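User: I am new to reading protein structures and would like to work through this one with questions and answers. Could you take me through it step by step?

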Amino acid sequence: LYTVMVWVKRTRASLVVMGIFILGAVYMLARQLELQLTAWIFQGFFAILLIIIVVIFQEELRQIFERVAVWSFGKKGIHRSLRSDTTDVLIRCLADLAKNRIGALIVLRGNDPLERHIMGGIELGGRLSEPLLASIFDPHSPGHDGAVIIENNRITRFAAHLPLSKDFQQLSRVGTRHSAALGLAELTDAFCIVVSEERGSVSVARDGKLREVTNLQQLGSWLQEFLQEKYPSQDRRKISVDLVKENWVEKAVSLCLTLVLWYAFVPGSKIARETYKIPVAVENLPSNLVLDKVQPPEVKATFTGPRRAFYLSDYRKLKVTVDTSPAASGQRKFIISERNVQYPKGLTIEELTPTTVTISVKRSPQESKRDDTGAGTGQKKPQELG
């Protein structure tokens, strides 16, 4: 639950998820108000909801499966960590590039695989150094317009093409290099650094956000933070206050939801037994008759089923109905069985007490008055059925 919440927060899926929750709320309201047609339409929508989610979030689902694979194999099995001097080399090189207003795009790989998102480029495998980076981004170099990929303290590829972002709000005043950096940062956990050729400024794209660097000390701080997060040393894996504070709202909400779901599905799966008094309702009474008395007016019904079924059911809607269409004036006994009881799905009726009810009906006053008038005019009064 926490992973899903953080994923929704970091991606642009929040509005879609909010829309699905709103539709779910409308569906529940329609069921409560017994709007049958509206509920039926929403049932058809939710029946194909899984397919809709796969179509809308196909790229995000790929990222999730890739990260699951990375976690299952372990970080060390994928690639080694970057050396501590990587920060110094990059800062010195970026300072020279920004000073000379030479455009550059550098990608530091995190834990997510990048191969699926990168197109073209030339494999290199050279050790990271200032002269090598300077030669790659030299304006006279054929590969200076592409991106440099750094992993294992080596430049594995240069002149690579990255996916472009469509977040025009963040890209309103920047160029194609910034769009490529942000595009990869939206799809992976890579750390992307951009040097603007026009302004000589340095920007960083990470976790779907593009930020401009105010000074090189700030860039060094962000680089160290990235390296410590993706390649932590043993003495930094202890729980800290910052770890607890990070996304604390999502952590609290996911913990509460987990407790609710556990209570519903673990203790809630145990079989429970409950007895309720259900009122007897009369249906299809002939128009010439009125109800006089129902004896007894209530029926005791004992239900068995999972405890969660009792939690989620509204027992004010429990009802015992008796069809009195064949009744005539007087008293008549009706047999009560499971077919006469309206109760929630997931429950089973174990016992009904009593199994018969006596219903007394009589002729309506209008019908009796009509009969008396007919008798005064010499018409034959119809014979009552007792």
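User: Which helix holds Ala134, and is Ala134 buried, partly exposed or exposed?

Analyst: In this model, which is predicted, Ala134 belongs to helix α8, made of residues 130-136. The relative accessibility of Ala134 is 38%, and a residue counts as buried under 20% and as exposed over 50%. Because 38% falls in between, Ala134, in helix α8, is partly exposed.

User: How far apart are the C-alpha atoms of Ala134 and Asp96?

Analyst: Along the chain, Ala134 and Asp96 are 38 residues apart. In space, the separation of their C-alpha atoms is 8.7 Å.

User: What span does helix α9 reach from its first C-alpha to its last, and what span is expected?

Analyst: Helix α9 covers residues 176-187 and so has 12 residues, and its expected span comes from a rise of 1.5 Å a residue. The span found in the model is close to that expectation: α9 reaches 17 Å, against an expected 16 Å.

User: How many residues of α9 are buried?

Analyst: Buried residues have under 20% relative accessible area. Those of α9 include Arg177, His178 and Ser179, and also Leu182, Leu184 and Leu187. The helix is mostly covered, and the number of buried residues in α9 is 10 of 12.

User: Which strands stand at the edges of the open sheet of seven strands?

Analyst: The order of this sheet is β2-β4-β3-β1-β5-β6-β7, and its pairing is mixed. A strand at an edge has a single partner strand, so one of its sides is left without a neighbour in the sheet. From one strand to the next, the twist averages 20°. The edge strands are β2 (119-127) and β7 (209-212).

User: Which residue in β4 is the bridge partner of Glu123?

Analyst: Strands of a sheet pair through backbone hydrogen bonds, in either a parallel or an antiparallel way. Here β2 and strand β4 (residues 154-161) run antiparallel and are joined by six bridges. In β4, the bridge partner of Glu123 is Arg157.

User: In the open sheet of five strands, what is the order, and which strands are at the edges?

Analyst: The five strands follow the order β13-β11-β8-β10-β14, with mixed pairing. Two of these strands have a single partner strand each, so one side of each lacks a neighbour in the sheet. These edge strands are β13 (341-342) and β14 (348-353).

User: How many bridges join β8 and β10, and how many join β10 and β14?

Analyst: Strand β8 (residues 271-283) pairs with strand β10 (residues 298-306) in the antiparallel sense, and Glu274 stands opposite Phe303 in β10. The pairing of β10 with β14 is also antiparallel, and here Thr304 stands opposite Thr348 in β14. The β8 and β10 pair has nine bridges, and the β10 and β14 pair has five.

User: Which residue in β13 stands opposite Val320?

Analyst: Strand β11 (residues 319-323) and β13 run antiparallel, and two bridges join them. Opposite Val320 in β13 stands Val341.

User: What is the omega of the peptide bond from Gln295 to Pro296, and of the one from Thr353 to Pro354?

Analyst: Most peptide bonds are trans. The bond from Gln295 to Pro296 is cis, with Pro296 in the loop between β9 (289-295) and β10. The bond from Thr353 to Pro354 is cis too, with Pro354 in the loop between β14 and β15 (356-363). Omega is near -5° for the Gln295 to Pro296 bond, and near -5° for the Thr353 to Pro354 bond.

User: What phi do Glu34 and Asn284 have?

Analyst: Most residues other than glycine have a negative phi. Glu34, in the loop between α2 and α3, is exposed with a relative accessible area of 53%, while Asn284 lies in the loop between β8 and β9. Neither residue is a glycine, yet phi is positive in both, about 60° for Glu34 and near 55° for Asn284.

User: Which residues that line the second largest pocket are the closest to its centre?

Analyst: The second largest pocket has a volume of about 900 Å³. Its lining has 21 residues, and the closest to the centre are Arg31, Gln32, Asp314, Lys317 and Pro344.

User: How many residues in the lining of that pocket are nonpolar, polar and charged?

Analyst: Helices α2 (14-32), α3 (36-47) and α13 (307-311) each supply at least two residues of the lining of the second largest pocket. By class, the lining has 10 nonpolar, five polar and six charged residues.

Terms used: Residues numbered from 1 in each chain as written. Predicted model: local features only at pLDDT ≥ 70, side-chain atom pairs only at ≥ 80, totals over all residues. Heavy atoms only, no water. Helix = DSSP H or I, 4+ residues; strand = E, 2+ residues; numbered from the N terminus. Buried < 20%, exposed > 50% of the residue type's maximum accessible area, 1.4 Å probe, protein only. 1 Å grid on protein atoms, 1.4 Å probe; cavity = no way out; pocket = protein on both sides within 12 Å on 5 of 7 lines; lining within 4 Å. Points joined across faces, edges and corners; volume = space filled by probe spheres on them. Nonpolar A, V, L, I, M, F, W, Y, C, P; charged D, E, K, R; others polar. Pairing = 2+ DSSP bridges. Axes fitted to C-alpha atoms, helices over the stretch in contact; angles between N-to-C directions.
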